[in-house]
Every structure is written in C-alpha cells, then in structure tokens.
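Me: I would like to go through the ligand site of this model with you. Could we begin with the terms?

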Amino acid sequence: MSRTSLTRFLIEEQHAQRINADLRQLVAVVARACTSISIAVSKGALGGVLGDAGTGNVQGEAQKKLDVISNEILLEANAWGGHLAACASEEMDHSQRVPSEYPQGDFLLLFDPLDGSSNIDVNVSVGTIFSVLRAPEGVDNPGDEHFLQAGTRQVAAGYCIYGPSTMLVLTVGHGTHAFTLDRETGEFVLTQRGMQIPADTQEFAINMSNQRHWEAPMQAYVTDLLAGKDGVRGKNFNMRWIASMVADVHRILTRGGIFIYPWDSKDPSKAGKLRLMYEANPMSLLVEQAGGAATNGRERILDVAPEQLHQRVPVFLGSKHEVAEATRYHREHDAR
Ligand code: P6P
C-alpha cells in the first residue's frame with residue numbers, strides 16, 4: 001500500500017478546501033522545524049545541549065539549553081516564509097512579529113517549543129506543542145492582544161513527541177491524525193488517520209503529590225477513583241504520570257484515559273500549572289477532534305476567553321465520559 005506523506009496529506013486537505021496554501025505551508029514549516037528539534041534532542045549528551053541554559057523564562061522557570069535552541073529553531077524557520085504575522089512562545093515574555101524585511105502572512109503561531117524539558121536530562125519523552133490562529137485583518141503589527149482568541153478559533157493544532165519514535169499529531173479541524181518520522185527519508189508518514197479516544201477509561205494521570213492542595217470536589221473525585229470497584233465507581237483504576245504533557249496526552253489519544261492538572265492552593269493565582277494558549281487549547285482541540293472532551297473542571301476549555309498570553313488554566317482532558325464525571329463533581333460542589 002502506498003505511503004501517504006505529510007506533504008501529500010496537506011495537499012489533499014488543500015484540494016478538499018479544508019486548508020489554504022498558506023496554512024499548508026505553515027504546518028509543513030513547523031513539521032520541518034520539529035524534525036530539526038528531534039535531531040537535536042536525540043543527540044543527548046553527545047550534542048552538548050543537555051542541562052540548564054543559565055537563564056529563566058517568563059514563567060520563572062530555569063530554561064534548559066534545548067528550550068532555547070528549540071525556540072530559536074521555530075522562530076527562524078517561520079520568519080521568512082510569508083505565511084505568518086507573529087509568533088508567541090512559552091519561552092518569550094511577549095509575542096514577536098515576523099522581521100519587517102519579510103512579507104507578513106495571515107496566521108499567528110503559538111508554541112511551547114519543548115514541553116516537559118525537565119525530563120530531557122533523564123531521557124524521558126518530551127515534545128513541541130503548537131497552535132495556529134488567524135491574524136486580525138488590517139493590523140500591520142499584531143501584538144499580544146491579538147493572540148487572545150478562544151480555543152475554538154484555532155485553525156490548526158498539534159504536537160510533535162520526541163520518544164522512541166518521533167511522531168507528529170495534527171488536526172486542521174477535521175479529525176486528529178498521527179504521522180511517524182521516517183529518519184531515513186526525513187519525511188513524516190501518515191500512520192494513523194482519525195484517532196479515536198475510547199469514551200470510558202480505567203486509567204488516570206495526575207501528580208498525586210499535590211493532593212493536599214486540591215479543592216474539595218477534586219479530593220472527592222480522586223478518593224472515589226482510588227476506592228476502585230468497592231467504591232461508588234464500581235471499577236478499579238490504574239495511574240500513569242510521566243510529567244511530560246505531550247507523552248501523557250499521546251497515551252490518552254492512543255488508548256484512552258483522563259489527564260488532570262487541577263487548580264491547587266500552592267499558588268492560587270496560577271489556576272493550576274498548565275498554560276491556556278499554547279498547551280491546554282491545542283491539546284483540547286486535538287482531544288475533541290478525536291472524540292474526547294476537555295474542561296477546566298467547570299466549562300469547556302476551548303470556550304475559555306483568554307485575558308493574558310501566559311495565563312494558566314486547570315485541565316481535565318481525555319475520555320469523554322470520565323471528563324464528564326470529573327466535571328460533574330465540580331459543578332455539583334458549586335451548586336450546593
Ligand atoms: P509536575 C512539564 O513541566 C509540564 O509543563 C507538563 O508537560 C507536565 O504535564 C507538567 O508540567 C508536570 O508537572 O508538577 O508533575 O512536575
């Protein structure tokens with residue numbers, strides 16, 4: 001059977017008028033940048049790129065050398081193509097328009113260039129997460145405020161996971177599809193068209209060490225999960241936590257589950273740890289396009305109206321019946 005490359009897939013999406021030429025080019029450029037990041041990550045200690053960069057980011061987190069390298073790869077790849085108006089990144093305080101010597105395009109690109117980078121030094125899978133929005137018409141120099149669009153406005157979203165194999169998982173609004181990097185040819189090959197998340201699951205992903213900091217409905221929900229078949233849920237659950245969102249979400253897209261990073265009182269102002277614009281929104285679109293669900297415990301994540309570029313949001317995503325159950329605990333608590 002002939003292989004479908006990412007290039008062919010994107011051209012077919014354009015012929016079906018689901019994307020235009022500029023968006024096709026943008027996704028292709030991001031995929032090529034991810035291939036370069038994959039090569040850098042896979043060198044490990046031999047590449048001289050492990051460890052801290054000695055700098056911090058807007059989140060107040062120590063940057064790894066590969067955080068900075070990955071950010072630069074994505075910025076450079078997208079600067080001159082003419083399909084992009086501006087970029088925003090977890091690693092940059094503010095958004096950045098394409099250099100004025102290059103033509104400005106119709107899209108805004110947001111990314112976490114290397115999510116889970118604290119895992120790099122222990123050789124655990126990490127990934128790049130990206131989200132694409134339309135740039136406002138008639139605006140020569142889009143600023144942070146133009147990125148503040150709800151997740152439903154995304155025209156494309158995806159991640160690239162740098163694991164035993166490098167895989168690109170992508171949606172342009174018509175299903176979620178997986179491509180595997182053929183390192184011999186350098187092309188991404190379609191390996192799963194139309195991923196589907198099972199509606200029910202017996203597997204949850206959460207960092208249990210934060211349990212004492214959660215709000216009451218979260219405590220009740222997890223207590224019932226842990227009670228297993230003898231409790232109200234009537235079935236046993238297993239737990240996985242890789243502490244690399246891309247890896248945990250990829251497992252859930254592949255075999256189901258629920259991923260949770262809830263609000264916790266460690267820093268009430270942060271509303272959890274994960275960022276809305278370039279982590280929760282793209283992952284939520286991928287999950288919904290694969291038949292799953294994503295809420296902040298109360299409402300659909302894709303409906304959240306952004307107020308700040310780097311704002312955080314509680315995340316409950318995965319198997320739709322389990323996300324609905326976790327959300328029910330929170331809504332019933334609020335209704336008392
Ligand atoms: P914790 C990685 O730092 C990250 O942003 C996500 O990839 C991951 O799901 C989460 O944080 C892990 O957080 O608190 O368990 O280290």
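Reply: For residue classes, Ala, Val, Leu, Ile, Met, Phe, Trp, Tyr, Cys and Pro count as nonpolar, Asp, Glu, Lys and Arg as charged, and the others, Gly among them, as polar. Please note that this is a predicted model.

Me: With those classes, how do the residues of the lining of the largest pocket divide?

Reply: The lining of the largest pocket comprises eight nonpolar, seven polar and 10 charged residues.

Me: What volume does that pocket have, and which residues are closest to its centre?

Reply: The volume of the largest pocket is about 420 Å³. Its lining has 25 residues, and those closest to the centre are Glu61, Asp115, Gly116, Ser118 and Lys273.

Me: Which strands supply at least two residues of the lining each?

Reply: Strand S2 (62–64), strand S5 (107–115) and strand S13 (258–261) each do so.

Me: Turning to the ligand, where does it sit?

Reply: The ligand is located in the largest pocket. It is surrounded by 13 residues, of which Asp115, Asn207, Trp241, Met245 and Tyr261 are the closest. By class, this shell holds six nonpolar, three polar and four charged residues.

Me: What about polar contacts to Asp115, Met245 and Tyr261?

Reply: A ligand oxygen lies 2.6 Å from an N or O atom in the side chain of Asp115. For Tyr261, a ligand oxygen is likewise 2.6 Å from a side-chain N or O atom. With Met245, the partner is a polar backbone atom, 2.7 Å from an oxygen of the ligand.

Me: And how much of the ligand does the protein bury?

Reply: The protein buries 83% of the 390 Å² that the ligand exposes when taken alone.

Notes. Residues are numbered from 1 along each chain as its sequence is written. This is a predicted model: local features need pLDDT of at least 70, side-chain atom pairs count only at pLDDT 80 or more; totals for chains, interfaces and linings use all residues. Side-chain values use heavy atoms; hydrogens and water are left out. A residue is near a molecule or strand if one of its heavy atoms lies within 4 Å of it. A polar contact is a pair of N or O atoms within 3.5 Å; within protein, one must be able to donate a hydrogen and the other to accept it, and residues adjacent in sequence count only if both atoms are side-chain atoms. Accessible areas come from the Shrake-Rupley method with a 1.4 Å probe; for residues, only the protein chains shown count as cover. On a 1 Å grid over the protein atoms alone, a cavity is a set of points where a 1.4 Å probe fits but cannot get out, and a pocket is an open set with protein on both sides within 12 Å along at least five of seven lines; lining residues have an atom within 4 Å of a point. A molecule sits in a cavity or pocket if more than half of its atoms lie within 2 Å of its grid points. Grid points are joined across faces, edges and corners, and a volume is the space filled by probe spheres set on the points. Helices (H or I, at least four residues) and strands (E, at least two) are DSSP runs, numbered from the N terminus.
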